[in-house]
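Here are my notes after going through the model, in the order I'd look at things on screen. Have the viewer open and follow along.

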Amino acid sequence: MDERVHPEVRRVAEDIDTMEVRGAATIADAVARALRTQAEESDATDPETFRAELRAAARALHETRPTAVSLPNALRYVLRGMSSTTVEGLQRDVVQSSEEFCQRLDRAQTDLGKVGANRLRDGDVIMTHCHSTDALACVEAAVEQGKHIEAIVKETRPRNQGHITAEELADMGVPVTLIVDSAARRYLNDVDHVLVGADAVAADGSVINKIGTSGLAVNARDRGTPIMVASQTLKLHPGTLTGHTVDIEMRDTEEIIDESRREEIGSPKVVNPAFDVTPPRYVDAIVTERGQFPPESIVTLMRELFGEGTSEPWAE
Ligand code: RUB
């Protein structure tokens, strides 16, 4: 790694890579804070050296995981805040934009939660996949409104993020039933809403989220169960406005199989995609801090937010 990258930024990059820090919103928060540390601890003596250090740190963070667009969106937000002409001024700029970003992220999640909660009725049962702080914000707000919500939680192989979801829902006082992923269809008849998060939302309204989301959505549509995606606007993918596709992360096969035993089972090829794409026709509503949108109209919001196009301010 580039030697200009501060050890704390390296640690954050490593934590994202190994999924100690995971989930799109949490990753965004962590990288914004890491850039702040890089800025505060810099001993650069001229603005150009300082800017180059920040770009190097952003590149190291950007290279960790490819799918959650909240990561580059966070880096962009913080780096674009740099407008001063002195090192001290630039340090202040980064601290301020990093703080502002983290506050906006928190506020967006709270606001989104209230919108999502309005879709949930007293007594509703939700089914979740993976662990999404945006999705859980909707349940938390509904519980705060005094609604009784129950949850069927998919364990989410191979990393079992469903266990985190189960624990956090239990902390909210929501009764939880944990199921293996393949039992989802069997229990969809008991469910009022499928509620998931997003790592990225494309301009055509497709939702990129944990592998298994698309199968769940197809099954839910077949059963007539509404599918709600909780996604603050930080997850909107600006590159898709100009025809780019979202890169789906392929993770280590060790997450699925003990490599020492692969031969015993006939040496199959093993693949481990971390995310999949749910087409807009299987999504009923995308819930954001700006209100809820049918997936087909999310492009209007994207044009408003990213009208000026995107850049890669971390490029050398
Ligand atoms: C996490 C995942 C989550 C989204 C949304 O995948 O798919 O549903 O990131 O999370 P992984 P949030 O565990 O591989 O990072 O709403 O917290 O941003």
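1. Strand 4 and strand 7 run parallel and pair over three bridges; strands here are DSSP runs of E with at least two residues, helices are runs of H or I with at least four, and both are numbered from the N terminus. Two strands count as paired if DSSP finds at least two bridges between them. Within this pair, Val194 sits opposite Ile227 of strand 7. Keep in mind that this is a predicted model, where local features need pLDDT of at least 70 and side-chain atom pairs pLDDT 80 or more, while totals for chains, interfaces and linings use all residues. Residues are numbered from 1 along each chain as its sequence is written, and side-chain values use heavy atoms, with hydrogens and water left out.

2. Stay with strand 4 for a moment. Strand 1 is joined to strand 4 by three bridges, also in the parallel sense, and Met127 has Val194 as its bridge partner there. Which way do the strand 4 side chains point? His193 and Leu195 go one way, Val194 and Val196 the other, and all are buried (buried is under 20% relative accessible area, exposed is over 50%, partly exposed is in between, with a 1.4 Å probe and protein chains only). The general background is that side chains in a regular strand alternate between the two faces of the sheet.

3. Now zoom out to the whole sheet. It is open, has seven strands in the order 3-2-1-4-7-9-10, and its pairing is mixed. Strand 3 (176-179) and strand 10 (291-293) are the edges, each pairing on one side only. On average, neighbouring strands are turned by 25° against each other, direction ignored; the axes are lines fitted to C-alpha atoms, for helices over the stretch in contact, and angles run from 0 to 180 degrees between N-to-C directions. Strand 1 (residues 125-128) also pairs with strand 2 (residues 150-154), parallel and over four bridges, with Ala151 as the partner of Ile126.

4. Helix 5 (residues 87-119) packs on this sheet and touches strand 4 (193-196), strand 7 (227-230), strand 9 (285-288) and strand 10. The direction of helix 5 makes about 145° with that of strand 9. Lys114 belongs to helix 5 and is partly exposed, at 48% relative accessibility. Beyond residues up to four places away in sequence, Lys114 touches Ala141 and Gln145 (contact means heavy atoms within 4.5 Å). The C-alpha atom of Lys114 is also 8.4 Å from that of Glu289, although the two are 175 residues apart along the chain.

5. Outside that strand order, have a look at strands 5, 6 and 8. Strand 5 (residues 200-201) and strand 6 (residues 207-210) run antiparallel and are joined by two bridges, with Ile208 as the bridge partner of Ala200. They form a hairpin with five residues in between, and Gly205 in the turn has a positive phi of about 90°. Strand 6 also pairs with strand 8 (residues 275-278), antiparallel over four bridges, where Asn209 is matched with Asp276.

6. What surrounds the ligand? There are 18 residues around it, the closest being Arg22, Ser132, Thr133, Asn209 and Lys210 (near means a heavy atom within 4 Å). A polar side-chain atom of Thr133 is 2.6 Å from a ligand oxygen, and a side-chain N or O atom of Asp199 is 2.8 Å from a ligand oxygen. From Ala25, a backbone N or O atom lies 2.7 Å from an oxygen of the ligand.

7. Two residues in the loop between strand 7 and strand 8 are worth a click: Ser231 and Arg251. Ser231 counts as buried because its relative accessibility is 0%. Beyond its neighbours within four places in sequence, Ser231 has contacts that include Leu112, Asp134 and Ile286. Arg251 is buried too, with a relative accessible area of 15%. Leaving out neighbours within four places, Arg251 contacts residues including Asp17, Arg65, Arg159 and Asn272.

Note on methods: A polar contact is a pair of N or O atoms within 3.5 Å; within protein, one must be able to donate a hydrogen and the other to accept it, and residues adjacent in sequence count only if both atoms are side-chain atoms.
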